[in-house]
Amino acid sequence: MIIEGKKTVWSQYQKNIADDHYFYIRSCIRQNLWPGSETAFLRIIRDELRKDVIEDANHTTCTGIGYHTDVVPIETTMTVVARLFALMTERGYENMITSCITSFGVITEILETWHEFPETEARTREFLKKATGRKFKVPHNLAHASDIIYKFRKEIKEKGTRSLVNANTGEKLRVVEHIGCHYSKMFPHKGIGGAEFPYVLIGMIEDWGGEVIDYPERRHCCGFGFRQYLVKANRGFSIACTKKKFESMEQFKPDFIITNCPGCNYFLDRWQYVISEMEGKTYSENNDGIPILTYEEVAGLVMGYDPWDLGMQMHQVGVEPLLDKMGVDYDPKKKYLDKNGNSMGSPEKPNVLNFCC
Amino acid sequence: MNKYVFIVGGGVAGAEAASQLLKLGFNVTLAEKESQVGGKLNQWDRLFPSKRKSTEVARFLAEGLSGNNFRLLLNTDILNIERTNGGFSISSGTAKFQADAVLIATGYDVFDARIKEEYGYGIYENVITSVELEARFKEGGKIFTPKGQEPKRIGFVHCVGSRDEKVGNHYCSQVCCVTAVKQAMEVKEVLPRSEVFCFYMDLRMFGLQFEDLYREAQEKWGVNFIRGRVSEAAENIDGSILIKVEDTLAGRPLKMKVDLLVLMVGFVPSAGTQNIGKILNLEFTPEKFLKPSDEHIDTYSTNQKGVFIAGTCKAPKTITDTFADARAAVLKIKQYLEEDVPGK
Amino acid sequence: MFQESKPKIPEWGYGINKDRQIDFDRNDRRLAEYIRKYEPSYKLCISCGACTATCTTANLTDFYNIRRLNVFLMRGEIDEINKHIDKCMFCGKCELVCPRGVNTRKVILIMKEGIKKIKQNEQL
């Protein structure tokens, strides 16, 4: 691997990310699957870095999931997104950040469509006015939440107490990075690093002490894709996509996987369980599985937060081996206790994957 | 006859045109930016279709460049050309020259394969270009990967930088298909136990003996041909390259591991060509090569009277065709210089 | 803390889709080498499709396509060949039209021979 070659590519795909005053759009499904991720993001950006981030209680889904399943026509999606812009304008903000990568993709697509076909923007303004009476301004800057963490990765490193190194051997942790398809595959210049060699997560990992692995199926979709996944009979397609990625990265023996898309996180985590039950195969030594972390969870770990505050007990693939590797001190007994110390209940033990208590 | 011709570019076209003009009695100044004439010919080992040594042709080129009427300027860049009373004044930064006619033979560059990010050139060590492979042939002996291992499987990717909307080059670079077949056979010659694959979209075997080369590659050397465009190349943990291609003839996607991936890079108009064209206000084709006056009956004159073009600065060409092109341009120049036009 | 009893494996309702890619590194290409050895004209095929165009069987049965079967053979996809190769009638029209002079009839004969040997685990 000639790293200079990659650096040349990365330098060609840089983008402008706003500094402060963000309007935060949450993700539909993220809080169910990865509780604590969005909270950790707000905690880091607001409390630690003292940036101004607001969200509006009136905000709705961006309907990206509906658009990508052919359930919601594009005109409706444009109008709903325009309403989000209106909420942002009414609060006096012009920098939008999204938690979900599909929101980012849909909003980028809409902005580009409006740019090339101004009549669609005019029509959307009319629809919004008729439906809600709101007016909006197009955001000055649109970024994904991982872009923000990327932008402030050095500050996070300075404030943080932990590093992505193996505490026993001192070696860098080997990390696989997986970018959501909607981040840069459609509009390579809207993603840091472009479509072939996206840099947004690599930048984070490298500055936080880890080592990034390049493997042949790096570009492959995880299979989420909305439309094929929603119908149960099609899930064979989705799981085969994820399996292909695992088969390819197995030879590199990664310590964990970092993603910036909620769907990808979900799939890479849950499908390891399904593959282990269906075929008895896991992709690590001694059936531990490869833990999947969101970028906020990694940032939170680097900052020194308690893993159970980050919601890491909800992961299908147990994170304890990784936490032990990193030398994170956590209380295993508190895993399934809530804030008041009462038990939250506990899951059933899988047949193949190791699961710690 | 005291007419002076200034030739910009000492490649095959420029050098051959110089030879022929000298034979016809003209004074010739040949300016070449490198330290020797011959252009890209000096980088090739053996030439298609007969696989004869390029040094034989280079020697032939050099033989004609002598005499009192010939001046050779090596390591010289041309900075400006202006019209002056019926002729031209050419300046190289350190000196000025006068001429009655100018021949542009600034040639081509190979496509920069780094632009095709998906092939990983410049990022993965075992991805090289056909130009680099040819240099290895010139050095002689076995072919090794950049890390010094003997490759067991070599893949050739056709149409890199040609016939490609994404990099802006729609045209076919003509010679890469036959070069790939030639190089595939040459690889089999030095590594007989290796497996060689050519991944093509079409096989452009237009010359008289090119189909025979294709047949020889299949029959005698066992080169495998897979019709399909390689979509991406990625690196395995041992440094070998995993490629994905559709085997269009089987109708199924295919993946395989190769130890060395050779990219057949196409022609792009050279920086010198683009520069000179701007200096002289010459017309460019949509592909950014220099545009001749007429596509059939006069491909040597330009929109500028007294300025002529020869060789690959106007389109991709084989060496055989470049020789013919240079000689035809010479005839045009001769006719121009012997024209009796008052006040020229 | 844990419910130690093994959970019932749920009725998944789906399986894992099989990879459609021709995995060139893992395929068994002995049959192709066997044919190359015993009928060298096989190496000359350029997949022009003239054989399939004139083929009696291709015109009147499902899927039989000698050009495509030859490509599968070269890539080591023996299963596909097994399914269809017995449909050939050996009429010889393919050999008549081949521009490269491949002895297609012999190639098919040797293919069948080779497949039988593989099935009986004999040396090729």
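**Entry 1. Where chain C meets chain B**

I began with the contact between chain B and chain C in this predicted model. I found that 14 residues of chain B and 13 residues of chain C take part in the contact. On the side of chain C that touches chain B, I noted strand S1 (22–23) and helix H4 (66–75), each supplying at least two residues. Which of the elements gives the most to that side? I found H4(C), with 4 residues. I then sorted the residues on this side of chain C by class and recorded 6 charged, 5 nonpolar and 2 polar.

I next looked at how S1(C) is joined to chain B. Strand S17 (residues 252–258) of chain B and S1(C) run parallel and are joined by 2 bridges. For Leu254(B), I listed Ile22(C) as the bridge partner in S1(C).

**Entry 2. The two domains of chain B**

I turned to the division of chain B. Domain 1 is made of two stretches, 4–107 and 270–337, and domain 2 covers 113–266. I recorded 32 Å between the C-alpha centres of domain 1 and domain 2 of chain B. To their contact, domain 2 of chain B brings 18 residues and domain 1 of chain B brings 10 residues. On the side of domain 1 of chain B that touches domain 2 of chain B, I noted 4 charged, 4 nonpolar and 2 polar residues.

**Entry 3. A parallel sheet in chain B**

In what order do the 5 strands of the open sheet in chain B stand? I read the order as S5-S2-S1-S9-S20, with parallel pairing. S5(B) and strand S20 (307–309) of chain B are at the edges; each has a single partner strand, so one side of each has no neighbour in the sheet. Ignoring direction, I noted an average turn of 20° between neighbouring strands.

I followed one pair of strands in detail. S2(B) and S5(B) are paired in the parallel sense over 4 bridges. In this sheet, Leu73(B) of S5(B) stands opposite Ala31(B). I also looked up helix H7 of chain B, which lies across S1, S9 and S20 of chain B. Its direction is at about 165° to S9(B).

**Entry 4. Helix H1 of chain B**

I checked the length of helix H1 (residues 12–23) of chain B against expectation. At 1.5 Å a residue, its 12 residues should span 16 Å, and its end C-alpha atoms are 17 Å apart, which agrees.

Why can H1(B) be called largely enclosed by the rest of the structure? The reason is that 11 of its 12 residues are buried. I listed several of these, among them Val12(B), Glu16(B), Gln20(B) and Leu22(B). What covers the buried residues of H1(B) includes strand S1 (4–8), strand S2 (27–31) and strand S5 (70–73) of chain B. Strand S9 (101–104), helix H2 (54–63) and helix H7 (319–337) of chain B also belong to this cover. Just after H1(B), I noted that Gly25(B) takes a positive phi of about 95°.

**Entry 5. The two domains of chain A**

I then moved to chain A, which is divided into domain 1 (16–145) and domain 2 (161–334). The centres of these two domains, taken over C-alpha atoms, are separated by 26 Å. Each domain of chain A gives 25 residues to the contact between them. On the side of domain 1 of chain A, helix H2 (30–33), helix H3 (37–48) and helix H6 (101–116) each supply at least two residues. H6(A) gives the most to this side, with 7 residues. By class, I counted 11 nonpolar, 9 polar and 5 charged residues on the side of domain 1 of chain A that touches domain 2 of chain A.

**Entry 6. A parallel sheet in chain A**

I closed with an open sheet of 4 strands in chain A, in the order S6-S5-S7-S8 and with parallel pairing. Strand S6 (211–213) and strand S8 (292–294) of chain A are at its edges, each with a single partner strand, so one side of each is left without a neighbour in the sheet. From one strand to the next, I recorded an average twist of 40°.

Strand S5 (residues 174–178) of chain A and S6(A) run parallel, joined by 3 bridges. Val212(A) in S6(A) stands opposite Val175(A). I last looked up helix H11 (residues 200–207) of chain A, which lies across S5, S6 and strand S7 (256–259) of chain A. H11(A) runs at about 160° to S5(A).

Key. Residues are numbered from 1 along each chain as its sequence is written. Chains are lettered from A and ligands numbered from 1 in the order in which they are written. This is a predicted model: local features need pLDDT of at least 70, side-chain atom pairs count only at pLDDT 80 or more; totals for chains, interfaces and linings use all residues. The expected span of a helix is 1.5 Å times one less than its number of residues. A residue is buried if 20 or more other C-beta atoms lie within 10 Å of its own, exposed if 12 or fewer, and partly exposed in between; C-beta atoms are placed from the backbone. Two residues are in contact if their C-beta atoms, placed from the backbone, lie within 7 Å. Ala, Val, Leu, Ile, Met, Phe, Trp, Tyr, Cys and Pro count as nonpolar, Asp, Glu, Lys and Arg as charged, and the others, Gly among them, as polar. Two strands pair if DSSP finds at least two bridges between them. Axes are lines fitted to C-alpha atoms, for helices over the stretch in contact, and angles run from 0 to 180 degrees between N-to-C directions. Domain bounds come from an automatic or database domain assignment.
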